[in-house]
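Hi everyone, thanks for coming. I'd like to walk you through one chain today, so have a look at it and keep it in view while I talk.

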Amino acid sequence: SGKSRDDEDGEEGDGTNYGQSITGYKLPKITWYPGHIASAERQLSEILKSVDLLIEVRDGRAPKATTHPMVGQWAAGKPRIVVLTHSDTVPSVSIQAWQKAYEDYGAGRWGEADIVDKQIQHTA
């Protein structure tokens, strides 16, 4: 029929493929990127080109999860201040680990280093 096994039960060309788990449940695999997210990313990257200083506000309980991975690239060469909120709810050892990561790797590069994840996952 021209359809692959992964296309079973999906409409041809509808962007949905189905994979079957070991329990038999057919889990839909989304193969598209929501247009509103792509649009927001384009807008943010354009706005960041026109700023002189970036003040990035992140949740201190999950600093790596509350940023966009492209912000460093979009704001490259611009001064950047990273503010961690909710620091009163974060153990001081975790704050110290994040502060050391920022000092060692910089706000734009700390996410690239595996060692940061390994050090912080035990203290956060």
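Let's start with something you can look up right away: where is the place of Thr89? Thr89 sits in the loop between S4 and H3. Keep in mind that what you're looking at is a predicted model.

Okay, let's stay with Thr89 for a moment. Is Thr89 buried or exposed, or partly exposed? Its relative accessible area is 48%, so Thr89 counts as partly exposed, given that exposed would need over 50%. A polar atom of the Thr89 side chain lies 2.7 Å from the backbone oxygen of His86.

That brings us to His86, which is in the loop between strand S4 (80–85) and helix H3 (92–109). His86 is partly exposed too, at 38% relative accessible area. Now here's a fun one: His86 has a positive phi, about 60°, even though it isn't a glycine. To put that in context, most residues other than glycine have a negative phi.

Now let's hop over to Gly60. How far is Thr89 from Gly60, C-alpha to C-alpha? It's 8.3 Å, with their positions 29 residues apart along the chain. Gly60 belongs to another loop, the one between strand S3 (54–59) and helix H2 (71–74). Its relative accessible area is 6%, so Gly60 is buried; the cut-off for buried is under 20%.

And who does Gly60 touch? If we skip residues up to four places away in sequence, Gly60 touches Leu84, Thr85 and Val90. Take Leu84: Gly60 and Leu84 are 24 residues apart in sequence, yet their C-alpha atoms are 4.5 Å apart in space.

Let me zoom out for a second. The chain has 4 helices and 4 strands, and from the N terminus on they run β-β-α-β-α-β-α-α. Of the contacts with a separation of 6 or more, 47% are between residues 24 or more positions apart. There are 124 residues, and buried ones make up 20% of them. The accessible surface comes to about 8800 Å², and 54% of that belongs to carbon and sulfur atoms.

Next, the inside. Which residues form the largest nonpolar core? There are 5: Leu48, Leu54, Val71, Trp74 and Ala75. Find Trp74 on your screen: leaving aside neighbours within four places in sequence, Trp74 contacts Glu41, Leu44, Ser45, Leu48 and His68.

You might have heard that in soluble globular proteins, nonpolar side chains tend to be buried together. But look at the surface here, where Leu53, Ile55, Val57, Ile81 and Val83 form a nonpolar patch, with about 420 Å² of accessible area together. The elements giving two or more residues to that patch are S3 and S4. Val83, for example, is in strand S4, and with a relative accessible area of 34%, Val83 is partly exposed.

Last stop: Glu56, in strand S3. Is Glu56 buried or exposed? Glu56 is buried, because its relative accessible area is 8%. The Glu56 side chain makes a polar contact of 2.9 Å with the side chain of Arg58. Not counting residues up to four places away, Glu56 also touches Thr67, Val71, Arg80, Ile81, Val82 and Val83. Two of those names should ring a bell: Val71 is in the core we just saw, and Val83 is in the surface patch.

That's my tour, thanks for listening!

Conventions: Residues are numbered from 1 along each chain as its sequence is written. This is a predicted model: local features need pLDDT of at least 70, side-chain atom pairs count only at pLDDT 80 or more; totals for chains, interfaces and linings use all residues. Side-chain values use heavy atoms; hydrogens and water are left out. Buried means under 20% relative accessible area, exposed over 50%, partly exposed in between (1.4 Å probe, protein chains only). Contact means heavy atoms within 4.5 Å. Accessible areas come from the Shrake-Rupley method with a 1.4 Å probe; for residues, only the protein chains shown count as cover. A nonpolar core is a set of buried Ala, Val, Leu, Ile, Met, Phe, Trp, Tyr and Cys residues joined through side-chain atoms within 4.5 Å. Patches are made of residues with over 30% relative accessible area and no salt bridge: like charges are joined within 9 Å, nonpolar side chains (Val, Leu, Ile, Met, Phe, Trp, Tyr) within 5 Å. A salt bridge is a side-chain nitrogen of Lys or Arg within 4 Å of a carboxyl oxygen of Asp or Glu. A polar contact is a pair of N or O atoms within 3.5 Å; within protein, one must be able to donate a hydrogen and the other to accept it, and residues adjacent in sequence count only if both atoms are side-chain atoms.
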